[in-house]
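Dear colleague,

Please find below the structure I agreed to pass on to you. I should be grateful if you would look through it alongside the notes that follow.

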Amino acid sequence: MKRYINPTLLGVLGAALVVPALAMAPAQAEPVSTGAEAVEDYDVLVVGKTTGFRHSSIDEATTAIIALGEANGFTVDVWDPPTTPRNQGQPERTLPSTPFTTAADLAKYETIVFVSTVDGTNNLDPAKPTLLDEGELKAFQGYIRAGGGFAGVHAATDSMHTIPWYSELTGGGARFVSHPAQQTAVQVVEDGTHPSTEHLSETWTRFDEWYNFTQSPRDAVRVLTNLDEGTYNPGGNAMGADHPLSWCHNFESARSWYTAGGHTEASYTDPVFLEHLLGGIAWSAGAVSGGGDCVTWGEVETLTAGLLAEGDISAKAATQVAKQLEKAKEFAEAGLHADSAAKLNAAAAQVYAHVERDSEAYDQLLEKVEDLQVWQSELD
């Protein structure tokens, strides 16, 4: 699976709607680049298949992603077959048969986008069929473990509730549980360094259907935006101050990105939301990098512990790196990002001093620590 750096992020939806990136650009019919071109086009699979409730916006989302692909250098296949008399899918667009055959077959796609793929398994009945059957799920897992990308939109977290692995992929075990009436609300942008949020200011106000989740995914993912429950009526199932709404993380060998926005059809003609969506798709595909690429503190802590357990680094190396990481994390949580970046520089120095050069462990650990440092430096 190929990875690319710095592709075109600007584009148009049809001939009228401009999707800006990094900076606003004049409307035009051709894509506009703010950086180096992608090495070559990449491929995206959009999954709109539903066996439960079907969102009317799935068709609009698919149309928007196809247009974004035409303007920004990626091709789009669609898997959205009819499944029930009430779920007719997109018969004119869908592939003739399931693409989830083998991991090798799925490897043609740099990322797979699940758009509101509700399958009605939220009652946790183990006998109820899931969106992907056993063979399809095995192919999907193989794809993710081989480095494929994943992007989830809106009700992608209301699918395969009985598959814990999928819950971890979409984001730290957080599953859709409820929502109040559609209304305007404010998201606080916690991380504006990611390609899907770098165009946003400190807050983002929009109208949508605001999801509540079974739990906050914060311990397992990097939160990009957090919903301010004081700006709308959350109803009886409020999550409180910790209410992540979009996030990203590295899961197994994949880049995984999720946004809870996108219930409304109007979302897919909103330039700001479309740039958010485009940044998530491009990042999950490995087509762009930014903000330390969603490496989390827990990810580096787990890597360090794993390398120690395998005998790839010494106890001294693990102890020294962990010590600097802990201090860097404390600074970051206090909002002292420059100090955090300095401590991460010290952690990198410990890798340099105590881990065998030119070893795989050295490269892995140093890269992840440096990603954290980039993140904290850009937040400063």
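The notes below go from the overall fold to the sheet and then to a helix that packs on it.

Please bear in mind that this is a predicted model. The protein contains 9 helices and 13 strands. It comprises 380 residues, of which 54% count as buried. The exposed surface amounts to about 15500 Å², with carbon and sulfur atoms supplying 51% of that area. Among contacts with a separation of 6 or more, 73% are made by residues 24 or more positions apart.

As to the sheet, 9 strands form an open arrangement with mixed pairing, in the order β4-β3-β5-β6-β13-β12-β11-β8-β9. The edges are occupied by β4 (74-79) and β9 (203-208); each has a single partner strand, so one side of each is left without a neighbour in the sheet. From one strand to the next, the twist averages 20°.

Within this sheet, β11 (residues 222-228) and β12 (residues 244-251) run antiparallel and are joined by 4 bridges. Valine 223 has tryptophan 247 of β12 standing opposite.

Helix α1 (residues 58-72) packs on the sheet, where it touches β3 (42-47), β4 and β5 (111-115). The direction of helix α1 makes about 155° with that of β4. The strand β4 is thus both an edge strand of the sheet and one of the strands that α1 touches.

With kind regards

Terms used:
Residues numbered from 1 in each chain as written. Predicted model: local features only at pLDDT ≥ 70, side-chain atom pairs only at ≥ 80, totals over all residues. Heavy atoms only, no water. Helix = DSSP H or I, 4+ residues; strand = E, 2+ residues; numbered from the N terminus. Buried < 20%, exposed > 50% of the residue type's maximum accessible area, 1.4 Å probe, protein only. Contact = heavy atoms within 4.5 Å. Areas by Shrake-Rupley, 256 points an atom, 1.4 Å probe, with all protein chains shown as cover. Pairing = 2+ DSSP bridges. Axes fitted to C-alpha atoms, helices over the stretch in contact; angles between N-to-C directions.
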